[in-house]
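I set out to record how the helices of this chain are arranged and which backbone features stand out. The entries below follow the order in which I looked things up.

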Amino acid sequence: MSRFAFILLAAVILEAAALAWQQTFFAGAVVFLFALVTGLGVALPQVRLFGNFICAGDRSKKRVALTFDDGPDPRSTPPLLELLRDRKIPATFFCIGRRVDENPGLAARIVREGHLVENHSYAHSNFTNFYPRARLRTELIRAQQAVEKAGGRAPKYFRPPVGLSNPNTFRAARDLNLEVIGWSIRSLDTVIAEPEKILARIRRGLAPGAIILLHDGNIPAEKLVATVKSLLDTLRGLGYEVVRLDELLK
Ligand SMILES: [Zn+2]
């Protein structure tokens with residue numbers, strides 16, 4: 001039973017009792033709290049309300065995983081790949097299926113250079129979280145096919161666009177044997193302008209097992225490279241090893 005199923009059951013019982021005893025204030029409070037908790041669960045992967053939203057790896061080892069969302073992008077992916085190759089750093093790319101179809105050579109290069117290419121939906125619509133299970137399933141299948149067509153193995157991990165989830169997210173992912181991945185550190189790199197401020201934010205959340213969310217799409221290449229360079233220096237200075245997500249979750 002997911003946390004959501006448990007909370008839904010508790011809310012229904014409390015609501016029925018409140019209405020039976022004509023406690024309208026209490027009945028209203030139950031509805032309000034249920035809506036609040038559900039809203040938090042939709043927006044925050046760490047609440048893990050609807051299923052096993054994986055947001056960190058083994059906390060006992062000083063290792064972290066870098067994850068890059070929204071690529072591949074012909075402007076930012078090549079310089080990022082060059083930096084990662086120079087530093088011998090493996091990473092995980094949550095790619096948008098449509099962008100993989102548009103840039104198959106780039107997706108193939110990500111795989112060839114030893115990184116993981118995983119599923120971040122096909123179209124990355126802002127309405128993905130409202131899709132019924134069948135449509136979401138189709139969306140995930142199309143992204144799986146795009147990655148395979150570009151030469152990658154079928155993704156094992158799915159990160160929902162914007163990290164929003166509901167019970168269907170986990171049902172559709174389960175249909176395709178995908179694990180649902182969140183993050184423990186959201187860098188806000190597409191929102192914050194200066195790389196130093198992005199880095200300061202990442203440092204505040206840094207801990208063994210961290211999954212760091214960055215972007216390789218919708219971000220200027222120079223800003224991405226500057227941020228990742230400083231981040232890699234910082235991680236090395238603090239004695240952290242950077243591993244791929246599959247390694248972190250072993
Ligand atoms: Zn995204």
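**Entry 1. Helices α6 and α7.** I began with this pair, and I note that the model is a predicted one. I recorded α6 and α7 as oblique to each other, because their angle of about 50° lies outside the ranges that count as roughly parallel (under 35 degrees), roughly perpendicular (65 to 115) or roughly antiparallel (over 145). The axes of α6 and helix α7 (residues 167-175) are 9 Å apart. I noted the crossing of α6 past α7 as right-handed. On the α6 side I listed R133, L136, R137 and L140, which meet N168, R171, A172 and D175 of α7. Sorted by class, this contact holds 3 nonpolar, 1 polar and 4 charged residues.

**Entry 2. T138 in α6.** I then looked up a further residue of α6. T138 sits in helix α6, which covers residues 133-149. Is T138 buried or exposed? I entered T138 as partly exposed, because 13 other C-beta atoms lie within 10 Å, a count between the limits of 12 or fewer for exposed and 20 or more for buried. I also took the distance from T138 to R109: the two are 29 residues apart along the chain, and their C-alpha atoms are separated by 26 Å.

**Entry 3. A107 in α5.** I turned next to helix α5 (residues 104-112), where A107 lies. A107 is buried, since I found 26 other C-beta atoms within 10 Å. Which residues does A107 touch, leaving aside its neighbours within four places in sequence? I listed P72, C95, V100, V117, V147, A150 and G152. I also checked A107 against K149: they are 42 residues apart in sequence, and their C-alpha atoms are 9.8 Å apart in space.

**Entry 4. Helices α3 and α9.** How do I describe two packed helices? The angle between their axes and the distance between the axes serve for this. For helix α3 (residues 77-87) and helix α9 (residues 221-237) I entered an angle of about 20° and an axis distance of 9 Å. The two are therefore roughly parallel to each other. I noted a right-handed crossing of α3 and α9. The contact is formed by P79, L80, L83 and R87 on α3, together with A221, L224, V225, V228, K229 and L232 on α9. I counted 8 nonpolar and 2 charged residues in the contact of α3 with α9, and no polar ones.

**Entry 5. Helices α8 and α9.** I then looked at α9 with helix α8 (residues 195-205). Their axes come within 9 Å and cross at roughly 40°, which means that α8 is oblique to α9. This crossing, too, I entered as right-handed. From α8 the contact draws on P195, I198, L199, I202 and R203, and from α9 on K223, A226, T227, S230, L231 and T234. Its residues divide into 6 nonpolar, 3 polar and 2 charged.

**Entry 6. Backbone features.** Why did I look for a positive phi and for cis bonds? Most residues other than glycine have a negative phi, and most peptide bonds are trans.

- The peptide bond from G71 to P72 is cis, and I recorded its omega as near -5°. P72 belongs to the loop between β1 (63-69) and α3.
- Q22 is not a glycine, yet I found a positive phi of about 55°. Q22 lies in the loop between α1 (3-20) and α2 (24-43). I entered Q22 as exposed, because 8 C-beta neighbours lie inside 10 Å.
- N218, also not a glycine, has a positive phi of about 65°. I placed N218 in the loop between β7 (211-215) and α9. N218 counts as partly exposed, because 13 C-beta neighbours lie inside 10 Å.

**Entry 7. The chain as a whole.** I closed with the overall values. I counted 10 helices and 8 strands in the protein chain. The C-alpha trace spans about 70 × 40 × 35 Å along its principal axes. What radius of gyration would a compact globule of 250 residues have? The expected value is near 18 Å, and I noted that the 20 Å of the protein chain agrees. Buried residues make up 40% of the 250 residues. Of the contacts with a separation of 6 or more, 77% are between residues 24 or more positions apart.

Notes:
Residues numbered from 1 in each chain as written. Predicted model: local features only at pLDDT ≥ 70, side-chain atom pairs only at ≥ 80, totals over all residues. Axes fitted to C-alpha atoms, helices over the stretch in contact; angles between N-to-C directions. Helix = DSSP H or I, 4+ residues; strand = E, 2+ residues; numbered from the N terminus. Left-handed = near helix turned anticlockwise from the far one by under 90°. Contact = placed C-beta atoms within 7 Å. Nonpolar A, V, L, I, M, F, W, Y, C, P; charged D, E, K, R; others polar. Rg over C-alpha atoms; globule rule 2.2 N^0.38 Å.
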